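Biologist: Please take a close look at one part of this model, and explain in a connected way how its residues are placed. I would also like to hear about some other places along the chain, so that I learn how to read each kind of value.

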Amino acid sequence: MSATIAPSISPNHAANRLRREFHMDGIVQGVGFRPFVYGLALRHGLAGYVLNDANGVTIGAEGSPEQLASFARELRELAPPLSRIDHFSERELPRDADPDHNPDYDGAFHGQFRIKASQQQSAATVAISPDQGMCEACATDVANPKDRHHHYPFTNCTHCGPRYTIIRRLPYDRPHTAMASFAMCPRCAAAYENPLDRRYHAQPVSCPECGPHLSWRSGRGDALAEREDALHAAARALQAGALIVVKGMGGYHLICDARSESAVARLRQLKRRQRKPLAVMMGSLAEAKLHVTGCEDEWTLLASQARPITLLRKRINDDRFSESRQSAAPLAEGIAPGIPYLGVMLPYTPLHQLLLDACAMPLVATSANGRGSPILIECEAVVRELGSEIDGILDHNRPILHPCDDSLVQWAGGRRQTLRLARGYAPCTPSLKQAVKVPLLAVGAQQKNQLALAFGRQRIYSPYIGDLHSLPMQGHFEQTLATFRDLYDLKPELLVSDRHPGYLSHQWAKGYCREHNATHIEVQHHHAHLLAVMAEHEIMGPVLGVAFDGTGLGDDGTLWGGELLLANVEGFTRVAHLQPFKLIGGEAAIREPVRQLLGLLFESHSPEEISALDIPAINKLPLERISNLHQLWRLGRNAPYTSSIGRLFDAVAALLGLVDTPDYEGEAGLLLEAAALQLAPNELPFPLAFGLHQSTEGPLHIEWAELLNTLINERRKGTSTARLAAGFIRAISALVVALAERFPGYPVALGGGVFQNRVLMDQMVPALEATGRQVLTSETLPLNDGGIAAGQLWFAIHHIATHQPVTAGCATLSES
């Protein structure tokens, strides 16, 4: 298929016309780039062609020097909103013959501009666009009774809709997508083939006459209603308090009335998720503002086309807001119990918008898969796993080829933080200034796993995969990797993993290298956290890196997590760390924070002395159990040392009575944050401070003993939990500022999950900047373990640059 127009300018003398070829790569397919070029050529009166190939977009244009110069400038300045040009090149073409001996070459410039059919090539480099939320123009069409897309749940155009979740192979054309089996009706075909229509080559383009449609099914999968009747049946069920499953863009959601405590409790029971916060989908920004508060940056983030789940402060029920909240029924407390934030998202597909409009209420929307299982993308799997527990399935017949979770973001320290990189943002495809010499694969961490690849001048960060603790999740890991290997015909020659031998990603990388004769290198966990920050800011270091998280294997065999590293792309020096303490029971201590508290106290107290401290979390334990735990601590059996700030957060939360058995990772820190935010306006955080001890050799030690004793004594005196929690978080902030002062002259890079604490970031970042320090954080990449693969990849890119040639084999290389 090709489209043509005649130049709309007066004929120029042949001698005044030149021919030029332009090539662009990046996100230039599936985003309206060719019709944009077509319209631009029309305005400038150029002859020639534009085409997609596996490496991007190629343009041949003939016109006067002035026309071509203006055309080239506007190609870059006026590109479509969802596009991204990573590399732009141009070259002069002779007028008489095709330099590549193409007999059609000269005819391509004969008095017309054409959109030529896409070309398939063996090696693909074009960037895949993430799925995008519904644009305003499509929302208008869906709401317009006179438009043929009125109330059509799958309305889209070149500026919105699914991309990654429906692609089979490159280039991104309809036969290569999940829409291949849907033959377009004449009106959709006309729009699809008209370069001046915004649905030109929008691969999922369809309408009620020819496209996918809804079905309402029982929990057993039986079809009960179709099309718009299915939507209204689902809405009636939700209004009656039902728990249903809805097929979205990248997977199935469990959905219920966000105002109903009983419905939310039922959802939690089904998900086996006692307290972990649930996301709420609201029909509009105005509705969201009835339930949460935010600054302009937060509202912009929430309403952006990526439509991420955005963590916002719950609105307080007081007289100041009574008028604005008269029309807003309260949300169920069970959605996010005990914490000050609510995860909110706006509808990102017409289906979600139509369902919210029909229900006229906010909806809890969480992934339908069970804990430790991949996202569900097929109705058969929903019926098999949930059928007996749900009241219905709002299904549709457009296949989901690749699962993709909802992205999660927040605003902290005056900047965006990405907590989960997925729909709307991933695949994330930043380009490289220089091409890598061999294909690279970084396999990420054990938790919050994501993959990172590099080949040529292209980097790819996969969507969020999850925790690799089960066989199904390992299968999801391998399937995600296979997706990108197949799309780009990749055979990684160098793999990089975390050093922890127990990580399944590490084990998989070693196995792959043995099987495929590839090279395996390792990067220390906290170095990778900081490398991810460097990768986002395109720097090689050195930086003063502050890596605070739960745990990661350190070079000395202990579990690190409270580290100050002088780091660059080649290696690091550990210049400070938290004074280590023992995790009694290893992983069991993470599930039972009182063990972490005891691990701290046993360093200076006997079991009898600890029993006299009157700490409620410890008082619940029989004396015999305390004695047994002390024996394990003394003998060091399954009691590894850790320097983790994240584990210190857990211990302090247990000390203050905020957590017993955590329901989800990071709950202790979040509850400390919630307590700190309860500080009354006339109260100040209790003054707490860490000590710093410089040993004769080696790094600074961050001493916690005095701080812990002060917390114990003040709690017994009756000092409020809010003051103590706020004081502890402020002490962490002051610690980072004090450490930075000891190592002047470096940018300060912050990495690790501890810095997801908004109270901490809102204090610490301004305090560091007030001293004149540049503060670097991850904003578009996850700052938690989801960013580890990006850091590993950044190391591998520069490892190749400094260790050429790369030799095949399974040898493990370490950074210097």
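**A close look at one helix and some other places**

Modeller: Asp614 is partly exposed, with a relative accessible area of 42%, where buried means under 20% relative accessible area, exposed means over 50%, and partly exposed lies in between, as judged with a 1.4 Å probe on protein chains only. This is a predicted model, in which local features need pLDDT of at least 70 and side-chain atom pairs count only at pLDDT 80 or more, while totals for chains, interfaces and linings use all residues. Residues are numbered from 1 along each chain as its sequence is written, and side-chain values use heavy atoms, with hydrogens and water left out.

Asp614 sits in the loop between helix H16 (607-611) and helix H17 (616-619); helices (H or I, at least four residues) and strands (E, at least two) are DSSP runs, numbered from the N terminus. Although Asp614 is not a glycine, its phi is positive, at about 60 degrees. Another non-glycine residue with a positive phi is Arg227, where the angle is about 55 degrees. Arg227 belongs to helix H5, which covers residues 227-239, and with 42% relative accessibility Arg227 counts as partly exposed.

The part I have chosen for the close look is helix H13, residues 525-536. Its length can be checked with simple arithmetic, because the expected span of a helix is 1.5 Å times one less than its number of residues. For the 12 residues of H13 this gives 16 Å, and the C-alpha atoms at its ends are 17 Å apart, which agrees.

How many of the residues of H13 are buried? The number is 11 of the 12, so H13 is largely enclosed by the rest of the structure. The buried residues begin with His525, His526 and His527, continue through Ala528, His529, Leu530 and Leu531, and end with Ala532, Val533, Met534 and Ala535.

At the N-terminal end of H13, Gln524 acts as a cap, with a side-chain oxygen that lies 2.8 Å from the backbone nitrogen of His526. Such a pair is a polar contact, that is, N or O atoms within 3.5 Å; within protein, one must be able to donate a hydrogen and the other to accept it, and residues adjacent in sequence count only if both atoms are side-chain atoms. After H13 comes Glu538, with a positive phi near 55 degrees. Farther along is a cis peptide bond that joins Gly541 and Pro542, with omega at about 10 degrees, and Pro542 has its place in the loop between H13 and strand E23 (543-553).

Within H13, let us single out Ala528, which is buried because its relative accessible area is 0%. When its neighbours within four places in sequence are left aside, Ala528 is in contact, meaning heavy atoms within 4.5 Å, with Val523, Ile788, Gly791 and Gln792. A distance gives another view of its place: Ala528 and Ser284 are 244 residues apart in sequence, and their C-alpha atoms are 39 Å apart in space.

Other places on the chain can be read with the vocabulary we now have. A cis peptide bond joins Ala426 and Pro427, with omega at about 5 degrees, and Pro427 is found in the loop between strand E18 (415-420) and strand E19 (431-442).

Thr177 lies in the loop between helix H3 (136-143) and helix H4 (186-193), and Thr177 is buried, since its relative accessible area is 0%. A polar atom of the Thr177 side chain is 2.9 Å from the backbone oxygen of Arg174. Not counting residues up to four places away in sequence, Thr177 touches Ile166, Ile167, Arg168, Tyr172 and Gln203.

Val659, in turn, has its place in the loop between helix H19 (645-655) and helix H20 (667-676). Its relative accessible area is 9%, so Val659 counts as buried. With residues up to four places away in sequence set aside, Val659 touches Pro593, Asp650, Ala653, Ala654, Glu667, Ala668 and Leu671. Between the C-alpha atoms of Val659 and Cys379 there are 38 Å of space, and the two residues are 280 residues apart in sequence.
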